[in-house]
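Visitor: Please take a close look at one part of this model, the part at the start of the chain, and then go on from there to the charged pairs and the other local features.

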Amino acid sequence: MLLGKQVELTQQLIMRLQQCGVDFVYIEDALTEDLVVPEMISDETRIKALSEIRNGFRELMSPSRRNKGLHTPYIAKQFRSVMSMVLEEISDHKGAMLMLMNMGLVDHYLFQHSLNVCIYTTLLGMSDGLSQEELITLGMGALLHDIGKTQISTDVLMKPGRLTAEEYNEMKKHTELGFRLLKDEPNLPLIVAHCAFQHHERLDGSGYPRGIKGSEIHDYAKWIGLVDSYDAMTTNRVYRSPMLPHQAIEGLYAGTGTLYEQRMVRLFRDKIVIYPVGVTVRLNTGAAGVVAGYDPLCPHRPVVRVLYDEEGRELSQPFEIDMMKQLSVMITRVNEQNVATPATVEKTMG
Ligand SMILES: [Fe+2]
């Protein structure tokens, strides 16, 4: 347990939670207490996994190890154990619709990103019928796909604006650098290194670093590339606002057959619920509320429980809008920091 009951969330505690990898919390409220919020993996597993990933990354990138070409025998073991942990939890959800919730709207750290991509890639691989052993390999590939970024200069990596062509070329090198870091690692399947190498390659050859196409790209790298693209589209950047989840899905669709395999995009759309129960949304009517349910056949148009009117006033009598029936209603914002105070929202999302 991180915090006891009735403890007030001070700014300091919020910072501490964030350092532990907790990006958001749910708040109990009489108006929404009947809603059951699904969790893909428990907070405990997430925190444990994140600390293992952090240690593993540190180990892999430590200069002494790199210079001497040393290998660390337990690195593969470490990542394998993270994967078993993740897999065990995901397996409990088998058959249920899969939830996409933690892909944040703010730039997140490499570890968070790696774990998120890992969870969703593994879920998709599971839906695609991969075996347990294959899933572990795919998941490790996803955990380590961006490891090469640890070798890119922080000026480029953390640049708060758009990259210049030169910087972009520098950034692109993370694929090959990752491959080199991983390829000789004992006990790590070579495919894991290829996931780092190939996850920015695209079907039509427009990707990098080699511009390979179609069946030349390993399926695992294609899965990782797809989830990574979705994540990139929905992530806030200083120079552009994030796309809404349904817009990002449309973005993936636009790339069907040229950038991504159609069958993979379809599985993504069918298996991942982009507006899960409990997510806060703002509607084009100006009202705001939380997702209260959805039809599995059309999870992109959920039922929204409206809690605040267009002026930001809390309603004493919340009501529900079924977006499947009210087709003119659209979602315009998600995961706002505080649906109750539009002023704060403008500041953080603006
Ligand atoms: Fe990448």
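Guide: Leu9 is found in the segment before H1. This is a predicted model, and the values that follow are computed from it. With a relative accessible area of 39%, Leu9 is partly exposed. Together with Val25 and Ile27, Leu9 makes a nonpolar surface patch of about 290 Å².

Gln6 is also found in the segment before H1. Its phi is near 70 degrees, a positive value in a residue other than glycine. Gln6 counts as exposed, because its relative accessibility is 76% and the cut-off for exposed is over 50%.

The loop between helix H1 (11–19) and helix H2 (43–61) holds Glu28. Glu28 has a relative accessible area of 80% and is therefore exposed. On the surface, Glu28 gathers with Asp29, Glu33 and Glu314 in a patch of negative charge.

Glu314 leads on to the strands, since strand E6 covers 314–322 and the loop between strand E5 (303–308) and E6 is the place of Asp309. Asp309 is buried, with a relative accessible area of 13%; the cut-off for buried is under 20%. A polar atom of the Asp309 side chain lies 2.9 Å from the backbone nitrogen of Glu311.

A second side chain with a contact to the backbone is that of Arg282, in strand E3 (residues 280–283). Arg282 is buried as well, at a relative accessible area of 12%. Here the backbone atom is the oxygen of Gly286, which lies 2.9 Å from a polar atom of the Arg282 side chain.

Now the charged pairs. Side chains of opposite charge can pair when their charged atoms come close. A search of the whole structure finds 15 salt bridges, and three of them are described here, including the one between Lys149 and Asp146. In that pair the closest N and O atoms are 3.3 Å apart, and both Lys149 and Asp146 are buried.

Arg263 and Asp219 form another salt bridge, with 3.6 Å between the closest N and O atoms. Arg263 lies in helix H13 (residues 262–271) and Asp219 in helix H11 (residues 219–234), so this pair ties together parts that are 44 residues apart in sequence. Arg263 counts as partly exposed at 41% relative accessibility, and Asp219 counts as partly exposed at 33%.

Lys325 and Asp322 also meet through their side chains in a salt bridge, at 3.4 Å from N to O. Lys325 is exposed, with a relative accessible area of 69%, whereas Asp322 counts as partly exposed at 23% relative accessibility. Elsewhere, salt bridges that share partners join Asp128, Asp219, Lys222, Glu261 and Arg263 into one network. The pair of Arg263 and Asp219 described above has both of its residues in this network.

Helix H11 also holds Tyr230. Tyr230 counts as buried, because its relative accessibility is 2% and buried means under 20%. Tyr230 and Ala248 are 18 residues apart along the chain, and their C-alpha atoms are separated by 6.1 Å.

The loop between helix H12 (245–254) and H13 is the place of Gly255. Gly255 counts as buried at 4% relative accessibility. From C-alpha to C-alpha, Gly255 and Arg202 are 9.6 Å apart in space, while in sequence they are 53 residues apart.

The last feature concerns the backbone on the other side of H11. Pro209 lies in the loop between helix H10 (190–198) and H11. The peptide bond that joins Tyr208 and Pro209 is cis, with omega at about 5 degrees.

To return to the part where this began: the segment before H1 holds Leu9 and Gln6. Leu9 is partly exposed and Gln6 counts as exposed. Of these two residues, Leu9 belongs to the nonpolar surface patch with Val25 and Ile27, and Gln6 has the positive phi.

Notes. Residues are numbered from 1 along each chain as its sequence is written. Side-chain values use heavy atoms; hydrogens and water are left out. Patches are made of residues with over 30% relative accessible area and no salt bridge: like charges are joined within 9 Å, nonpolar side chains (Val, Leu, Ile, Met, Phe, Trp, Tyr) within 5 Å. Accessible areas come from the Shrake-Rupley method with a 1.4 Å probe; for residues, only the protein chains shown count as cover. A salt bridge is a side-chain nitrogen of Lys or Arg within 4 Å of a carboxyl oxygen of Asp or Glu. Lys and Arg count as positive and Asp and Glu as negative; His and the chain ends are not counted. The place of a charge is taken as NZ of Lys, CZ of Arg, CG of Asp or CD of Glu. Helices (H or I, at least four residues) and strands (E, at least two) are DSSP runs, numbered from the N terminus. Buried means under 20% relative accessible area, exposed over 50%, partly exposed in between (1.4 Å probe, protein chains only). A polar contact is a pair of N or O atoms within 3.5 Å; within protein, one must be able to donate a hydrogen and the other to accept it, and residues adjacent in sequence count only if both atoms are side-chain atoms.
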